[in-house]
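Open the model in your viewer and keep the sequence panel beside it. At each stop, make the selection and then read what is there.

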Amino acid sequence: MSKPLILVSNDDGITSKGIRVLVSVMKKIGDVVVVAPDSPQSGMGHAITIGETLRLTEEEIFEDVLAYKSSGTPADCVKLAKHYVLKDRTPDLVVSGINHGSNTSISVLYSGTMSAAIEGALEGYPSIGFSLCDFSSKADFSHVEEWVEKIARQVLENGISKGVALNVNFPPKRNEPIKGIKVCRQADAKWQEEFAERFDPTGRKYFWMAGNFVNFDKGEDNDEWAIANNYISIVPCQYDLTAYHSISHINKNWDWEKLK
């Protein structure tokens, strides 16, 4: 029986520690192909490259793994993998990460990690985005490796609903083992940004974004609660952003005579 074909990407760049860990785990499961950005692409969301050249260069960076670095975004990488690198081969699984930092709550909208996974879902491939809630460059990934393998195997064996990508976040390494997995919803939380006005040495004005993360959610069924309580959070995400509950409200309450 042939091994499953697994496409690996990320947004931290092809040389990041997180993707090295992810490739190492995926090699235990199947045949791995890597297409990842040549530099960090955090916060790119689902951007794609239009009007600029895209570079794609083969790299001998992972042992016994076909790997390419791309000048494009994470979503570009998955597109290039489908149309050029894999050609007539169809991946059985797309995995992205392991991201250095949280992609819980509203961060999923900005996440390049999840955009690679969602691009995979757009193409009809079972897809997972993995993130470790530790932004340190020296983050310890050792406590998540077995969980990454378990979750990936579950997806390969049991599938995911069509058009859905899993957003998997791991708590940082603590003094106690991870308690388990919570399949949950995205928390109601957001960043409250601040923009510091500064001046460069030539006197030209520029801005530096900062801010604080504010969690408005008091529930115990969301990803922020899961991470805070040392659980792995899994949030199924879809690319259909339609607010279905609002359709009937608009149809019922708008003054349609004024729109004629």
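The tour below goes from the sheet to its helices, and then to single residues and salt bridges. Keep in mind that this is a predicted model.

**Stop 1: the sheet**

Show the strands as a cartoon. Nine of them form an open sheet, in the order S3-S4-S2-S1-S5-S6-S7-S11-S8, and the pairing is mixed. At the edges are strand S3 (56-59) and strand S8 (181-183), each of which pairs on one side only. From one strand to the next, the twist averages 20°. Strands of a sheet pair through backbone hydrogen bonds, either parallel or antiparallel.

**Stop 2: the S8 edge**

Select S8 together with strand S11 (residues 232-238). These two strands are paired in the parallel sense, over three bridges. Which residue in S11 does Lys 182 stand opposite? Ser 233 is the residue opposite Lys 182.

**Stop 3: helices on the sheet**

Add helix H1 (residues 17-26), which packs on the sheet and touches strand S1 (5-9), strand S2 (31-37), strand S5 (93-100) and strand S6 (127-132). The direction of H1 makes about 145° with that of S5. Next add helix H4 (residues 112-122), which also packs on the sheet. H4 touches S1, S5, S6, strand S7 (164-170) and S11, and its direction makes about 170° with that of S6.

Now select helix H2 (residues 74-85). Its buried residues are Pro 74, Ala 75, Asp 76, Cys 77, Val 78, Leu 80, Ala 81 and Val 85. What do these buried residues of H2 pack against? They pack against S1, S2, S3, S4 and H4. Just after H2, stop at Lys 87, where phi is positive, about 55°.

**Stop 4: S4 and its two partners**

Go back to the sheet and select S2, S3 and S4. S2 and S4 pair in the parallel sense over five bridges, with Ala 36 opposite Lys 69 in S4. S3 and S4, by contrast, run antiparallel and are joined by four bridges. Here Glu 59 stands opposite Ala 67 in S4. The hairpin of S3 and S4 has six residues between the strands, and in it Asp 64 takes a positive phi near 60°.

**Stop 5: Ala 67**

Select Ala 67, which is in strand S4 (residues 66-70). Is Ala 67 buried or exposed? Its relative accessible area is 0%, and a residue under 20% counts as buried, so Ala 67 is buried. Show the residues around it. Apart from neighbours within four places in sequence, Ala 67 is in contact with Ile 14, Val 34, Thr 57, Glu 58, Glu 59, Ile 61 and Phe 62. For a distance to display, draw a line from Ala 67 to Val 148: the two are 81 residues apart in sequence and 20 Å apart in space, C-alpha to C-alpha.

**Stop 6: salt bridges**

A search of the whole structure finds twelve salt bridges. Begin with Lys 69 and Glu 59, whose closest N and O atoms are 3.6 Å apart. Lys 69 lies in strand S4 and Glu 59 in strand S3, so this pair ties together parts that are ten residues apart in sequence. Lys 69 is partly exposed, at 27% relative accessible area, and Glu 59 is partly exposed, at 24%.

Next select Asp 221 and Arg 185, which form a salt bridge with the closest N and O atoms 2.9 Å apart. Asp 221 is in the loop between strand S10 (205-215) and helix H6 (223-228), and Arg 185 is in the loop between S8 and strand S9 (189-199), so the pair ties together parts that are 36 residues apart in sequence. Asp 221 is partly exposed, with a relative accessible area of 40%; Arg 185 is partly exposed at 33%. Add Asp 217 to the selection: salt bridges that share partners join Arg 185, Asp 217 and Asp 221 into one network.

Then move to Glu 257 and Lys 260. Their side chains meet in a salt bridge (2.9 Å, N to O), and both residues are exposed.

**Stop 7: a surface patch**

Finish by showing the surface and selecting Leu 109, Tyr 110 and Trp 191. They form a nonpolar patch there, with about 330 Å² of accessible area together. Tyr 110 is in helix H3 (residues 107-110), and it counts as partly exposed at 45% relative accessibility.

Conventions. Residues numbered from 1 in each chain as written. Predicted model: local features only at pLDDT ≥ 70, side-chain atom pairs only at ≥ 80, totals over all residues. Heavy atoms only, no water. Buried < 20%, exposed > 50% of the residue type's maximum accessible area, 1.4 Å probe, protein only. Contact = heavy atoms within 4.5 Å. Pairing = 2+ DSSP bridges. Axes fitted to C-alpha atoms, helices over the stretch in contact; angles between N-to-C directions. Patch = residues over 30% accessible without salt bridge, like charges linked within 9 Å, V, L, I, M, F, W, Y side chains within 5 Å. Areas by Shrake-Rupley, 256 points an atom, 1.4 Å probe, with all protein chains shown as cover. Salt bridge = Lys/Arg side-chain N within 4 Å of Asp/Glu carboxyl O.
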